[in-house]
Amino acid sequence: MNTRSPPAGESDDGAGDETATGGPRTERGLVGVVRYFVAVCILATLVLATVTVVPQVFDEVVYQASSIETDTPPAAGAHNPSLQHPDNPGNSSYEGVATVRSEHVEDYVHFTVNDIRAERGLDPLVWDGTIASVARAHSEDMADRAYFAHTNPDGQSPMDRYETTANYCHIYGENIAQNWADRRVQGSDGETRQYRTAEELAEGLVDQWMHSEPHREAILTEDWDRGGVGVYITEEGKVFATHNFCTER
């Protein structure tokens, strides 16, 4: 309701100023206070009604995640060579807003690591499918037997696991990492991230290693000439990654 305010120095009925102790002025003052209180109550009721209704509107909204179009990375090399670890689990995947396939994560990790090495004047690592199968078997074993270490519960070291399959590496190294697909996680810089695609997940894994001195040193070791990445993804989206490095005899 629109109202007109009286001019300065004039009351609502046109009379001059009166003191607060005057009878008629006091009654009008009480009426004004009551009107003001009623108006405030009405306004508060409207505000409360709005606040109460809003969650009901949100409850009716159904959230659907849009699928993400992703590109298939160029293959780093053979993922199923003739010579491979007997426990190689093959490809695993997670269905989120995008299908995250372990072999795609492996390819992206391989290319990302080689880009980092190239930036520092180091030779790229040759993809080795046999070594990748050893790495992949270790990643699945960590997931299945619920541990996270370079030495497995049977006491096998990275070199021990490799030598069950081949013997052409003179020096052997390993990086491991654990992360999640399509779940909010805290990055190396403390920021919260959500890796929804194979490429994003690969970048997150390499970022973990590059922010850890011993893992970064392994990536940047000049003497490596080949390597393989093995990733295993559980149904819940938990990701285990193993990157093995090799210097041939």
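**Exercise 1. Which cysteine does the disulfide join to Cys169?**

Solution. The model is predicted: local features need pLDDT of at least 70, side-chain atom pairs count only at pLDDT 80 or more, and totals for chains, interfaces and linings use all residues. Residues are numbered from 1 along each chain as its sequence is written, and side-chain values use heavy atoms, with hydrogens and water left out.

- Apply the cut-off: a disulfide is a pair of cysteine sulfur atoms within 2.5 Å.
- Cys169 is joined to Cys246, S to S 2.0 Å.
- Place the ends: Cys169 sits in strand E4 and Cys246 in strand E8, 77 residues apart. Strands (E, at least two residues) and helices (H or I, at least four) are DSSP runs, numbered from the N terminus.
- Read the torsion: -110 degrees about the S-S bond makes the link of Cys169 and Cys246 left-handed.
- Check burial (buried is under 20% relative accessible area, exposed over 50%, partly exposed in between; 1.4 Å probe, protein chains only). Cys169 has 0% and is buried. Cys246, at 0%, also counts as buried.

**Exercise 2. Lay out the sheet and find its edges.**

Solution.

- Pair the strands; two strands pair if DSSP finds at least two bridges between them.
- The open sheet has 4 strands in the order E3-E7-E8-E4, with mixed pairing.
- E3 (126-127) and E4 (169-180) each have a single partner strand, so one side of each lacks a neighbour in the sheet.
- Add helix H3 (residues 129-144): H3 packs on the sheet and touches E3, E4, E7 (226-233) and E8. Contact means heavy atoms within 4.5 Å.
- E4 and E8 (residues 238-248) run antiparallel, joined by 11 bridges.
- Asn179 stands opposite Val239 in E8.

**Exercise 3. Test the length of helix H2.**

Solution.

- The expected span is 1.5 Å times one less than the number of residues.
- H2 (residues 102-119) has 18 residues, so the span should be 26 Å; the end C-alpha atoms are 26 Å apart, which agrees.
- Just after H2, Gly121 takes a positive phi of about 75 degrees.

**Exercise 4. Identify the hubs of the largest nonpolar core.**

Solution.

- Build the set: buried Ala, Val, Leu, Ile, Met, Phe, Trp, Tyr and Cys residues joined through side-chain atoms within 4.5 Å.
- The largest core has 32 residues; Val105, Val109, Leu201, Leu205 and Val231 touch the most other members.
- H5 gives the most to this core, 7 residues.
- Leaving aside neighbours within four places in sequence, Val105 contacts Val100, Ala198, Leu201, Ala202, Leu205 and Val231.
- Another core lies apart, with 7 residues, among them Cys169 and Cys246.

Definitions and conventions: Axes fitted to C-alpha atoms, helices over the stretch in contact; angles between N-to-C directions.
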